[in-house]
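Reader: I am new to reading protein models. Could you take me through this one?

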Amino acid sequence: MDQGRSFAGVAVLTLALAFLGSACGDDDPKEPQQTPDAGQPDAGQPDSGPTVVDSDVALARFNENGTLDTTFGASGTTRVDLSTVAGGTRDSVWGLAADSSNRLVVFGARRGEGDRVDADRFVLRLTADGARDTAFATDGVHSLNISNLSDGARNGIVDRNGKIVASGYTSQPTGVGTQAANRIVLVRLDDAGKPDNTFGWKGVVNAAPFLGQSESNPEWGMAEAYAVDQFSDGSYVTTGYGRSASSGTVDVVNFKFSATGVRDVNWGMNGVALLDLINDQDRGRNLIVLNDDRVCTVGSVTPSAGKVTAMVFMLDKNGLRDTTFAAEGYKSYDFERPEQAFFGVAKSKDGKWVAAAGYRAGGNQDDDSVLAIIPVGGTGTEFAKAVPISETENDRFWAVAFDASNRVYAAGYVTEGGDNRMVIARYNTDGTLDTTFGTGGVVKHNFVVGKVEEAARGIVVQANGKVVVAGTADK
């Protein structure tokens, strides 16, 4: 029923374009208009304002010791420009995955075709060695356009069956006056990059879990999918944030969908696993399904007014809080700043560890990367600390991965003299830097000198131990 209403709603999208086009808040018609995020702006993502940033998808691969692997792409790096418009425009990246053949799958957003200024979701596939995979979709790229509305592309996965699933959300008219609300949008592609017609409607699930509240209050709530992962039975789980009311604060929300894209209304509590601490802002930013089908969500919560802390939220396979992880099913991590969050999460191949990476900010101090390494099977000691790459300038982690030896790779950016550089740091499970990697455990890579639009948003370790990061880089 939820799915049916979703696509009935899509039929009225074109009628509301004039309203939405005037409400996106972007002053520059050449810049892609992204659906507004209820949280803080994220580094490396499309912004509002008169400045036009021209950035490309950028990948780099490193050897196990941290040196640049010159056999990848063009001397170690690959750049792909997906939005070739006069004056320039921004391609954004949210995630990176590798399939069983070590091919690389990038998830992000690009400007719409022609004169459009909205953003389309893209899935880009490269060969294991960084060349565009022209056998995939159209010249290696699949794009999703929902009635010329800006799509909020987020993370994605290559699932157990080799299907590619991209998560995100799109603000769409509800049919109630001029209201528009964010709806979960999932896309599943087959190995050739074509929409998988066995999933949702022509490969797309467009879901609004929080519909009109009553006849007297018909306005909808909203929900987003920042990430998706798969259970062992082939079904999926998402995380993000949302609310049942048409306005107000947001909560962490997780939903389960069947292998064919039907929402499971019996999972969790009435179809949702929700985390709300004090009726303030709480947000899910990423998740991973553990080997025992527990769901580990990371993000941020507000335990007290004016204080945002990083968070790890654990659910059992039925969507109920895992009280063996913590008394209330979640842990809040205070790294002693006003704003803190985890954005990246990964599990070790043996299932015994989870790592979460993010940042702390505010307090009139530079931003610092933060990292948590948590035992979730067997024995081990939890590590959770701020791990600044620079003591004087900004650095943040956006993504994290494990290798086959349970070493942890955290990736993001560091600013040095006004110049952003991609950064990777490798840690042991006790939180110490692995000094056999790069310089003292840290690798920095500068695509373009003197530019600020440079950050790694995704990281994978290929089967041969090579480390690949993906993000954006200025022209």
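Reader: Which residues form one aromatic cluster with Tyr226?

Author: This is a predicted model, where local features need pLDDT of at least 70, side-chain atom pairs count only at pLDDT 80 or more, and totals for chains, interfaces and linings use all residues. Residues are numbered from 1 along each chain as its sequence is written, and side-chain values use heavy atoms, with hydrogens and water left out. Rings of Phe, Tyr and Trp (its six-membered ring) pair if their centres lie within 6.5 Å; planes under 30 degrees apart are stacked, over 60 edge-to-face, the rest tilted. Tyr226 shares one cluster with Trp94 and Tyr241.

Reader: What is the angle between the planes of tryptophan 94 and tyrosine 226?

Author: The ring centres of tryptophan 94 and tyrosine 226 are 5.6 Å apart. The pair is edge-to-face, and its planes meet at 90°.

Reader: Are tyrosine 226 and tyrosine 241 buried or exposed?

Author: These two tyrosines form a tilted pair, 5.4 Å centre to centre, with 35° between the planes. Buried means under 20% relative accessible area, exposed over 50%, partly exposed in between (1.4 Å probe, protein chains only). Tyrosine 226 and tyrosine 241 are both buried.

Reader: Which arginine has its charged end over the ring of tyrosine 226?

Author: A charge sits over a ring if NZ of Lys or CZ of Arg is within 6 Å of the ring centre and within 35 degrees of the ring normal. Over the ring of tyrosine 241, 5.3 Å from its centre, sits the charged end of arginine 283. For tyrosine 226, at 4.6 Å from the ring centre, the residue is arginine 154.

Reader: How far apart are the closest N and O atoms of aspartate 196 and lysine 163?

Author: Side chains of opposite charge can pair when their charged atoms come close. A salt bridge is a side-chain nitrogen of Lys or Arg within 4 Å of a carboxyl oxygen of Asp or Glu. Aspartate 196 and lysine 163 form one, and the closest N and O atoms are separated by 2.8 Å.

Reader: Why does aspartate 196 count as buried?

Author: Its partner, lysine 163, is partly exposed, with a relative accessible area of 22%. Aspartate 196 counts as buried because its relative accessibility is 6%.

Reader: How many salt bridges does a search of the whole structure find?

Author: Another example joins arginine 132 and aspartate 139, at 3.3 Å from N to O. Aspartate 334 and lysine 307 also meet in a salt bridge, at 3.0 Å. The search of the whole structure gives a total of 31.
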